[in-house]
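Here's a quick question-and-answer tour for someone meeting this structure for the first time. Take a look at it, then read on.

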Amino acid sequence: MPKKVKNSLARAFLAALALLFCVSAIGEFIQSTTIANVSKIYGENAKRRVVALNALMNSLKNESEQEKLKKVNEFFNSLRWANDMEVWGKKDYWATRMEFLGKGAGDCEDFVTAKYFTLKQLGVPTSKLYFTYVKALKFNQAHMVLSYYETPKSVPLILDNINGNIKIATQRTDLAPVYSFNGDSLYLAKQEGLGQVVPGGNKKQNPKWLELIDKMKKEGL
């Protein structure tokens, strides 16, 4: 599909979500002050993306975990992939969910971060959600995906922006796992189970994670 057509469809998808849900949605997952701040910094299109996400979350609050995974994955995969240098003028920048929606573009870490915190806010236990570094074999480059473990011993489901279809890890032969972490622990990645804990945990191994949490606190999320 041509890039211009794909981007147009993505914008139409987000606009449709906003129109469909913003009036009828009950409750609020994203504070109105946050939405106003995003609009002030990034503009009206960014505001529509945030309103669409808030509406989608309201529509999903009583749905199953599987439905939440599917819809959240689809929503964020409609945004544009771009490297940090293009979006932020930096080689390695971990954007918050609001920054990602503000720009409407980001790299793989930004897709995973947005999906993780949205699912967490929707009530999916973080014990089931892991950031997983992999090697994308087709492109011969480092990549990140979100892994969902129904149980600690389950083969995880993979939420990915390269392949938008949620599949179990053993079906993703194009990915070679390296290690996984969430807000609590850091693990060497395996396709079955959580793997081996890496000494030092997040504080030693993932300064980007701590920086991300600090930024999100300042955003009020």
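Q: Which residues does Phe-131 touch, not counting residues up to four places away in sequence?
A: This is a predicted model, in which local features need pLDDT (the predictor's confidence in each residue, from 0 to 100) of at least 70, side-chain atom pairs count only at pLDDT 80 or more, and totals for chains, interfaces and linings use all residues. Residues are numbered from 1 along each chain as its sequence is written, and side-chain values use heavy atoms, with hydrogens and water left out. Contact here means heavy atoms within 4.5 Å. On that basis, Phe-131 touches Val-112, Thr-113, Tyr-116, Met-144, Val-145, Leu-146, Tyr-179, Ser-180, Phe-181 and Trp-209.

Q: Where does Phe-131 lie, and is Phe-131 buried or exposed?
A: Helices (H or I, at least four residues) and strands (E, at least two) are DSSP runs, numbered from the N terminus. By that scheme, Phe-131 lies in strand β3. Buried means under 20% relative accessible area, exposed over 50%, and partly exposed in between (1.4 Å probe, protein chains only). Phe-131 has 0% relative accessibility, so Phe-131 counts as buried.

Q: What separation do the C-alpha atoms of Phe-131 and Tyr-148 have?
A: Along the chain, Phe-131 and Tyr-148 are 17 residues apart. In space, their C-alpha atoms are separated by 9.2 Å.

Q: Which residues touch the most other members of the largest nonpolar core?
A: A nonpolar core is a set of buried Ala, Val, Leu, Ile, Met, Phe, Trp, Tyr and Cys residues joined through side-chain atoms within 4.5 Å. In soluble globular proteins, nonpolar side chains tend to be buried together. Here the largest such core has 41 residues, and the ones that touch the most other members are Phe-76, Leu-101, Leu-119, Met-144 and Trp-209.

Q: How many residues are in the other core, which lies apart from the largest?
A: Its residues include Ala-136, Ile-158, Ala-169 and Leu-175. The full count for this core is six.

Q: At roughly what angle do the axes of α4 and α7 cross?
A: Axes are lines fitted to C-alpha atoms, for helices over the stretch in contact, and angles run from 0 to 180 degrees between N-to-C directions. Helix α4 covers residues 65-77 and helix α7 covers residues 108-121. Their axes come within 10 Å and cross at roughly 145 degrees.

Q: Which residues make the contact between α4 and α7?
A: By class, there are six nonpolar, three polar and two charged residues in this contact. (Ala, Val, Leu, Ile, Met, Phe, Trp, Tyr, Cys and Pro count as nonpolar, Asp, Glu, Lys and Arg as charged, and the others, Gly among them, as polar.) From α4 come Lys-68, Leu-69, Val-72, Asn-73, Phe-76 and Asn-77, and from α7 come Phe-111, Ala-114, Lys-115, Thr-118 and Leu-119.

Q: Is Thr-118 buried or exposed?
A: Thr-118 sits in helix α7. Leaving aside neighbours within four places in sequence, Thr-118 is in contact with Leu-53, Met-57, Val-72, Phe-76 and Arg-97. Because its relative accessibility is 0%, Thr-118 counts as buried.

Q: Which residues does Gln-121 touch, not counting residues up to four places away in sequence?
A: Gln-121 is also placed in helix α7. With 30% relative accessibility, Gln-121 counts as partly exposed. Its C-alpha is 9.8 Å from that of Ile-30, though the two are 91 residues apart in sequence. The residues Gln-121 touches are Phe-29, Met-57 and Arg-97.

Q: What is phi of Asn-140 near?
A: Asn-140 is found in the loop between β3 (129-136) and β4. Its relative accessible area is 55%, so Asn-140 is exposed. Its phi is positive, in a residue other than glycine, and is near 55 degrees.

Q: Which element has the lowest mean pLDDT, and which the highest?
A: Across the chain, the mean pLDDT is 84, and 76% of residues reach 70 or more. Over residues 19-26, pLDDT stays under 50. Where pLDDT is low, the predicted coordinates should not be read in detail. Among the elements, the lowest mean, 50, belongs to helix α8 (residues 201-205), and the highest, 98, to α4.
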